[in-house]
Amino acid sequence: MQDPNEDTEWNDILRQFGILPPKKNPKDEIEEMVLRLQKEAEVKPYERMNLKELEEAEDDFDEADREAIEKYRQQRLQEWKSLQRRQKYGELREICGEQYVKEVTNAPEDVWVIIHLYRSSIPMCLLVNKHLSLLARKFPEVKFLKAAANSCIQNYHDSCLPTLLVYKTGEIKSRFIGVTQCGGIYLKVEELEWKLAEVGAIETDLEENPKKGIVNMMTLPVQNIPACEATKKQRCDETTYYMRKF
């Protein structure tokens with residue numbers, strides 16, 4: 001095979017048609033190498049070390065470097081803590097009613113908690129659980145939970161399921177109650193991701209609503225909801241009001 005860097009007439013033709021990249025000037029290559037070496041020389045030795053190596057080599061640095069090292073160590077420590085916090089969860093966990101206060105209401109104040117009240121006999125609940133499992137892996141900094149509805153509230157009505165409650169600082173920040181509000185029986189994971197991003201629980205990389213033109217039931221006044229839906233909404237509202245007391 002012919003060397004593409006050779007200075008031949010054929011290679012010149014290929015360069016003219018953009019098939020081969022322009023031939024580099026040796027002077028340019030030398031200048032690039034010099035700039036790279038200069039940049040590397042500006043990096044302090046301790047900036048290449050991990051926390052353990054910094055501790056072992058501390059005596060080898062002068063006073064000025066020690067002060068910089070301490071700042072750098074604190075910076076690396078904060079980065080590590082932030083990473084640990086972001087990767088703390090990463091799965092959809094099952095809890096029961098007795099764990100609700102500890103896991104949901106008393107969760108750390110900087111953590112969003114999304115809990116799904118479900119019943120395994122309802123297909124829509126199983127679909128939501130499937131999507132939440134995927135989202136939990138995608139957003140490990142968010143606490144995703146599920147709980148059998150009756151373990152939290154006795155006689156919780158099936159018409160209110162699935163129920164998604166979004167918490168932060170011990171308070172319900174948003175809620176999706178019933179099949180319609182949760183997105184319908186053909187709900188896609190991207191649609192659920194968008195819903196949770198709209199209420200601030202997650203930071204999505206989706207650029208637009210994957211389900212345009214669908215009316216948000218939570219924004220409709222009660223008078224615009226059919227009578228049966230209004231009755232169900234009132235019953236579910238009473239139930240989620242009780243959840244605030246957990």
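These legends walk through several close-up views of a predicted model.

**View 1. The whole protein at a glance.** Let's start with the full chain before zooming in. The predicted model holds ten helices and five strands. Of its 246 residues, 37% count as buried. The protein exposes about 16000 Å², and carbon and sulfur atoms supply 51% of that area. Contacts often bridge long stretches of chain: among those between residues at least 6 apart in sequence, 62% join residues at least 24 apart.

**View 2. Where to trust the model, and where to be careful.** The mean pLDDT of the protein is 78, with 60% of residues reaching 70 or more. Which elements mark the two ends of the confidence range? Strand β2 has the highest confidence, at 98, while helix α10 (residues 227-243) has the lowest, at a mean of 52. Please also take care with residues 214-231, where pLDDT stays under 50. For that stretch the model has 13 contacts beyond four places in sequence.

**View 3. Strands side by side around β3.** Here β3 (143-148) has a partner in β2, and the two run parallel, joined by six bridges. To find one point along this pairing, look for Val113, whose bridge partner in β3 is Lys143. Strand β1 (residues 92-94) also pairs with β3 in the parallel sense, over three bridges. In that pairing, Glu94 has Lys146 of β3 as its bridge partner. Follow the chain from β2 through α6 to β3 and you trace a right-handed β-α-β unit.

**View 4. The largest nonpolar core.** This core has 47 residues, and Ile115, Leu117, Phe144 and Leu196 touch the most other members. Many elements contribute at least two residues each to this core, including α5 (100-105), β4, β5 and α9. Helix α6 gives the largest share, seven residues. In soluble globular proteins, nonpolar side chains tend to be buried together. For a closer look, pick out Ile115: beyond four places in sequence, the residues that Ile115 touches include Ile95, Tyr100, Val104, Leu145, Leu165 and Tyr167.

**View 5. Ala136 in helix α6.** Now find Ala136, which sits in helix α6. Is Ala136 buried or exposed? Ala136 is buried, because its relative accessible area is 0%. Setting aside residues up to four places away in sequence, Ala136 touches Gly90, Glu91, Leu92 and Phe144. Arg93 is worth locating here too: Ala136 and Arg93 are 43 residues apart in sequence, and their C-alpha atoms are 9.4 Å apart in space.

**View 6. Helix α9 and its surroundings.** Helix α9 is largely enclosed by the rest of the structure, because eight of its ten residues are buried. Among those buried residues are Val189, Leu192, Trp194 and Leu196, and Leu196 also belongs to the largest nonpolar core. The buried residues of α9 pack against several elements, among them α6 (123-138), β4 (163-168), β5 (171-177) and α8 (178-182). Just after the helix, Gly200 takes a positive phi of about 90 degrees.

**View 7. A charged residue in α9: Glu191.** Our last stop is Glu191, found in helix α9 (residues 189-198). Glu191 counts as buried, because its relative accessible area of 10% is under the 20% cut-off. Which residues is Glu191 in contact with, leaving aside its neighbours within four places in sequence? They are Tyr186, Pro210 and Lys211.

Note on methods: Residues numbered from 1 in each chain as written. Predicted model: local features only at pLDDT ≥ 70, side-chain atom pairs only at ≥ 80, totals over all residues. Heavy atoms only, no water. Helix = DSSP H or I, 4+ residues; strand = E, 2+ residues; numbered from the N terminus. Buried < 20%, exposed > 50% of the residue type's maximum accessible area, 1.4 Å probe, protein only. Contact = heavy atoms within 4.5 Å. Areas by Shrake-Rupley, 256 points an atom, 1.4 Å probe, with all protein chains shown as cover. pLDDT = per-residue confidence, 0-100. Pairing = 2+ DSSP bridges. Right-handed = clockwise from strand over helix to strand, strands pointing away. Core = buried A, V, L, I, M, F, W, Y, C linked by side-chain atoms within 4.5 Å.
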